[in-house]
Every structure is written in structure tokens, then in C-alpha cells.
Amino acid sequence: MSTFLGQISEIPGISVDRFDGENLKSSAFFLSHCHSDHMKGLSSSFFNYLINSDTYLYCSPISKAFLMGIFVGLPEDRILEIELSIPKIIRYTVPEGGESLATSLTVSTSPAGHCPGSVMFIFSKDEKTILYSGDFRINPKDLPKLNPLNDKIDGKNRAKKFDTIYLDTTFLSLDFPRFPSRLESCEAICDAVKQWLEPNSKNVVIIECSALYGVEYLFMEMFKLLNLKIHIKDKVHSNYIRIPELAEIVTIDGRDSRIHACTSKLFSTKNLLCRSDVDYENILTIVPSVMRWKGKNTSCISEYDTRNRQRLYVCYSTHSSYEELRAFVDYFKPDKIVPCVCPSDSATKIDKLLGEFMSYQMKLDESDQVSESLNFRVPFTRVFKKPFASKYFADDDDEDDEL
Ligand SMILES: [Zn+2]
Ligand SMILES: [Zn+2]
């Protein structure tokens with residue numbers, strides 16, 4: 001859960017992923033993705049504020065589509081889309097001495113691989129370049145392919161020099177050293193689904209999701225591998241239909257489907273409301289989860305509930321693991337990192353781990369040149385099997401050349 005308060009100290013006058021309190025003094029707003037902990041303060045009164053103050057909210061086209069589904073009647077012309085990889089000049093004002101000074105910055109976005117439409121923001125203002133990662137999961141191996149995060153030098157992508165990275169530190173903990181790639185998790189889930197569905201035409205599968213959104217990549221892979229539409233909740237469907245890649249893989253007719261993400265975690269999954277013809281013995285419940293793997297070996301991707309063989313847990317993460325974060329920091333070697341998920345009881349541990357990640361700074365002080373021994377080897381590399389086409393859903397398994 002994001003604990004970031006919204007303001008980028010290096011660039012006063014803008015707010016990111018927080019839209020309340022002091023942020024209402026800002027004059028340009030940015031939303032990295034549509035998860036509720038990044039949308040605090042978004043409301044009809046905030047959108048009225050945009051109109052009255054002649055300011056704008058910037059986000060990806062998919063996030064805009066989601067917002068229009070969530071906030072019916074929002075002033076569409078106040079939400080401006082930023083296309084991936086295309087730098088945009090933003091004009092805004094900074095309060096100074098009781099006056100508002102007009103100024104500008106350049107922003108570009110990179111796919112964040114977290115959920116549909118999720119992006120990282122790269123802000124350039126005066127001499128400063130700042131990366132706001134938002135929630136993200138990108139295979140470290142793919143970092144050199146992401147053009148907005150790199151500078152072209154002699155025809156090759158080299159890591160951009162960031163003054164500060166505002167970092168998604170959700171799983172910055174030695175309890176979460178590594179995760180399977182999402183493709184591996186999806187394949188484990190699809191294998192289990194196939195095995196369950198084949199023996200009996202009455203058998204169905206429930207995907208138990210902890211939040212309304214976040215497993216869209218899983219749904220897309222399941223459709224690709226199994227060619228079965230997923231029954232989802234009506235209110236989720238009303239948003240998915242705005243996005244063609246998702247609209248074609250889901251249904252609101254429960255009788256249509258053998259895969260169901262229509263249940264609520266809070267309620268018992270013993271019965272399926274949309275399929276009264278299905279008995280409990282015909283249901284396999286699959287739970288994509290990370291917390292169950294806290295401190296455990298993730299080389300075993302899935303495990304059945306010890307007391308219930310009809311309940312399967314699969315390690316599935318849309319945030320970076322400790323090792324992925326370490327490789328991310330080591331790739332960019334920023335001057336400063338601000339952790340964006342930093343509950344007060346974990347702050348000391350997070351600071352310590354970030355200090356270890358940034359040990360290159362001490363060594364750089366000793367010598368201007370980076371020695372060979374400092375080249376951190378990405379410890380968690382995988383063999384990538386399948387391409388994943390859509391640029392907006394770019395993922396940790398993405399094989400696309402460059403974005
Ligand atoms: Zn998120
Ligand atoms: Zn259903």
C-alpha cells in the first residue's frame with residue numbers, strides 16, 4: 001500500500017498519486033495507475049477543482065478509460081492522456097512570494113508491468129531528472145529495452161541518470177527474495193485448471209482475487225492458453241469493456257464460463273451463485289497470492305491447502321521482489337531513493353536495505369571509475385518462452401524489443 005504523500009520535493013507544484021490535503025495547492029496532477037491506494041482524493045469535488053483551477057490530471061489512455069468508468073460524468077477534457085515513450089511538455093505554475101509563476105517540465109512514461117495502463121513517470125525539470133516508478137514489476141533483463149528509461153549513446157541504450165527514484169518498495173524485504181515470473185505463475189495455474197476441467201464437464205474453477213483489479217495479465221494468459229472466457233463481476237466488466245484486450249476475454253454470463261472470478265473473497269466460495277447446477281465437489285478454487293510465500297522458498301510455485309485439496313495457492317506477484325528491486329537500483333544507480341511504500345514500523349529496515357543497494361555510492365566516492373567487481377549480476381534470470389504483445393500490458397515476461 002502506497003504511503004507516498006504526493007509531492008516530489010525536487011519539483012514543487014506537481015502531485016503524483018495523491019490528490020488531497022496539501023496536494024490541492026499543486027497545479028499539475030499525475031496518476032500512475034488505477035489502484036485505490038494511488039487514487040486518494042480523486043472524487044467529483046477534485047474534478048471540479050481541476051475545472052475551477054484550470055488544471056489537468058495526466059495519465060495513460062487505459063487509466064483514463066478506467067477513470068471514466070469509475071467516476072461517471074467526470075470532465076473528460078480535464079484528463080489528458082500521455083502516450084508511452086512520447087515526451088510531453090507540461091505547463092503549470094509554482095507559488096512564489098504570493099504569486100503564481102508559470103513554468104514547465106517534460107514528462108514521459110514507461111510501462112510499469114503492474115496492471116493495465118500502469119506507467120512510470122520520468123520528469124525532467126531544469127537540471128533534474130526524476131523517476132517515479134509507481135507500482136511496478138519489470139524483469140531486470142528488460143530494463144535496457146525500455147527507451148524512456150534509457151539514453152541512446154552510440155546507438156545503444158544506457159541507463160538514464162536519475163537524481164532521485166521514487167520507488168515501489170512493497171516487497172523490499174528479505175522475506176520476499178524472489179518470485180516466479182508471472183508467465184511461470186500463469187502456466188502453473190493453467191496446468192491446474194486443465195487437469196481439473198478435463199475429467200468432468202461439470203467441473204469449474206474459481207479464481208479468488210483479493211482485489212477488484214490486478215490479475216488482468218493472468219486472465220489474458222489464461223484465455224490465450226485455455227481459450228476459455230472468464231466470468232467476472234458486473235462492476236469490473238463495465239470497466240473492462242472499455243479496453244479491447246480485456247473485453248474479448250471476459251463474460252458477464254456465468255453459464256457461459258468454466259472459469260469464475262465473480263466471487264468475493266469475503267464470502268464463502270463453497271457455492272457458485274452464478275452456477276446453481278455446480279456442486280461444491282466440482283469446484284477448484286485457485287488463490288493467486290504473495291503473502292503466503294513470505295519467508296518461503298518460491299521455487300515451489302504452487303501448493304494445495306493441506307486440509308483441502310480443492311484449494312490451490314499460486315505465488316503470483318505484480319510487484320518486484322527484493323532481488324528485482326536490487327537489480328533495478330543497480331541498473332540506474334540513482335543519487336537518491338525515496339521509498340513509496342514505507343509503513344513506519346518497517347522504515348528502519350527499508351532504509352537499511354536501500355543503503356545496502358546504494359553501496360555503489362561509497363565506492364564511487366573512492367574512485368571515479370566503476371570497477372568490474374561492482375557490476376552486479378542479475379541474480380534471477382529466467383528463460384522466456386512466449387512473447388506478450390500489447391505495449392500497455394508490457395510485463396516482466398515481455399520479449400518485445402524496445403518500447
Ligand atoms: Zn497498484
Ligand atoms: Zn461466475
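The following legends describe close-up views of a zinc site and of a strand arrangement in a predicted model.

In this predicted model, local features need pLDDT of at least 70 and side-chain atom pairs count only at pLDDT 80 or more, whereas totals for chains, interfaces and linings use all residues. Residues are numbered from 1 along each chain as its sequence is written, chains are lettered from A and ligands numbered from 1 in the order in which they are written, and side-chain values use heavy atoms, with hydrogens and water left out.

**View 1. Coordination of the zinc ion (ligand 2).** The donors (N, O and S atoms within 2.8 Å of the metal, or 3.2 Å for Na, K and Ca; water is not among the atoms, so sites may look incomplete) are H231 (ND1), H260 (ND1), C262 (SG) and C274 (SG), at 2.0 to 2.2 Å. Because the four donor atoms subtend angles of 95 to 120° around the zinc ion (ligand 2), the arrangement is tetrahedral (four donors, all angles between 85 and 135 degrees).

**View 2. Two of the donor residues, H260 and C274.** Along the sequence, the donor residues follow the spacing H-x28-H-x1-C-x11-C. H260 lies in strand β15 (residues 259–261) and C274, 14 residues apart from it, in the loop between β15 and β16 (283–289); strands are DSSP runs (E, at least two residues), numbered from the N terminus. H260 is buried, with a relative accessible area of 0%, while C274 is partly exposed at 23% (buried is under 20%, exposed over 50%, partly exposed in between; 1.4 Å probe, protein chains only).

**View 3. Pairing of strands β12 and β16.** Strand β12 (residues 204–207) pairs with β16 in the parallel sense over four bridges, where pairing requires that DSSP finds at least two bridges between two strands. I207 has I286, in β16, as its bridge partner.

Notes
Four donors count as tetrahedral if all angles lie between 85 and 135 degrees; four count as square planar and six as octahedral if opposite donors are over 155 degrees apart and all others between 65 and 115; anything else is irregular.
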